[in-house]
Amino acid sequence: ATRAYIQVVLDSSPAAVMLPGSVADALPDSARAGGLALVMTSIDPNATNAGNGSATGFAAAELSPGAVVRSTDGDEVQLATGVLDVSILSIESGEVQEIKNMSEPIFIRITADRILGADVPVGAGYARCVHLASDSSWSTDGVRNATLEEVVAVLGPEAASGVWCASTHLTPFAQIIDFFESLVLDCTNVNVLSADNLRALLDESQWRQEPPAIVLWCTLGVLALLLLLAWREEIG
């Protein structure tokens, strides 16, 4: 049977972690005997208790929402949230304990608010949970977006708000959005249909030269050619 989860909330921050009882079993007896401490650092310049980023080797500004970072695929992506660093320390030795390959997910809440100011609920599917890999890139290995059902099953419906990730390990976590998804989000937002926003979109010429836009133009050209051929065949 699944053991109860332990919920830990960071003071003056929406950050939270839910640890399964099986986490203790993943630690050596020597570490448990000396006592353990869960350390959460919210690396977000806008947070009341934002750290200086030393736990990850980055300045806080480099890990703030909107910062451009690199994924493990080599692509440039954008941080959609602040970064939450989660680790377990041995009180006796001060050493970070390695937590990985957990059979029960560890749930991490990165933010309780919306992402990048977008007028859509958080966790709507366009942002992905990631963790900071050893090569300073952001990876989806062993971490994913938690489902609403999972969070409600542990916390209940009253507390199941915000951006939650489900992970098999403990590291720094965040959510990312790639530039193509950001473009699609802007184009599907109903506010873009206003006269001012349509004018601003047309005046902004840089997006027309981005790779996703080039793919769009090629696709539209092929569709137009197919429609023309079909029309000529019909009237012929």
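## Helix α5 and its nonpolar patch

L220 is found in helix α5, which spans residues 211–235. This assignment, like everything below, comes from a predicted model. L220 has a relative accessibility of 43%, so it counts as partly exposed. The cut-offs behind that label are under 20% for buried and over 50% for exposed.

L220 also belongs to a nonpolar surface patch of about 1,200 Å². Its other members are I214, L216, W217, V222, L223, L225, L226, L228, L229, W231 and I235.

## Strand β8 and its partners

Strand β8 covers residues 106–111. Six of its six residues are buried, so the strand is largely enclosed by the rest of the structure.

Two pairings of β8 can be described. Strand β2, residues 16–20, pairs with β8 in the antiparallel sense over three bridges. Here M18 stands opposite F107 of β8. Strand β12, residues 163–167, also runs antiparallel to β8, and five bridges join the two. In this pairing T111 stands opposite V163 of β12.

In a regular strand, side chains alternate between the two faces of the sheet.

## The aromatic pair

The model holds one aromatic pair. Its members are Y5 and F107. The ring centres lie 5.6 Å apart, and the planes meet at 45°, which makes the pair tilted. This contact links distant parts of the chain: Y5 sits in strand β1 (residues 5–9) and F107 in strand β8, 102 residues apart.

F107 has a relative accessibility of 2%, so it counts as buried. F107 thus takes part in two of the contacts described here: it faces M18 across the strand pairing, and it forms the ring pair with Y5.

## Salt bridges

The count of salt bridges comes to two. One joins E98 to K100, with the closest N and O atoms 3.6 Å apart. E98 counts as exposed because its relative accessibility is 59%. K100, at 47%, counts as partly exposed.

The other salt bridge is formed by the side chains of E150 and R144, at 2.7 Å from N to O. E150 has a relative accessibility of 22%, so it counts as partly exposed. R144 is partly exposed as well, with a relative accessible area of 37%.

Notes
Residues numbered from 1 in each chain as written. Predicted model: local features only at pLDDT ≥ 70, side-chain atom pairs only at ≥ 80, totals over all residues. Heavy atoms only, no water. Buried < 20%, exposed > 50% of the residue type's maximum accessible area, 1.4 Å probe, protein only. Helix = DSSP H or I, 4+ residues; strand = E, 2+ residues; numbered from the N terminus. Pairing = 2+ DSSP bridges. Patch = residues over 30% accessible without salt bridge, like charges linked within 9 Å, V, L, I, M, F, W, Y side chains within 5 Å. Areas by Shrake-Rupley, 256 points an atom, 1.4 Å probe, with all protein chains shown as cover. Salt bridge = Lys/Arg side-chain N within 4 Å of Asp/Glu carboxyl O. Phe/Tyr/Trp six-rings, centres within 6.5 Å; stacked < 30°, edge-to-face > 60°.
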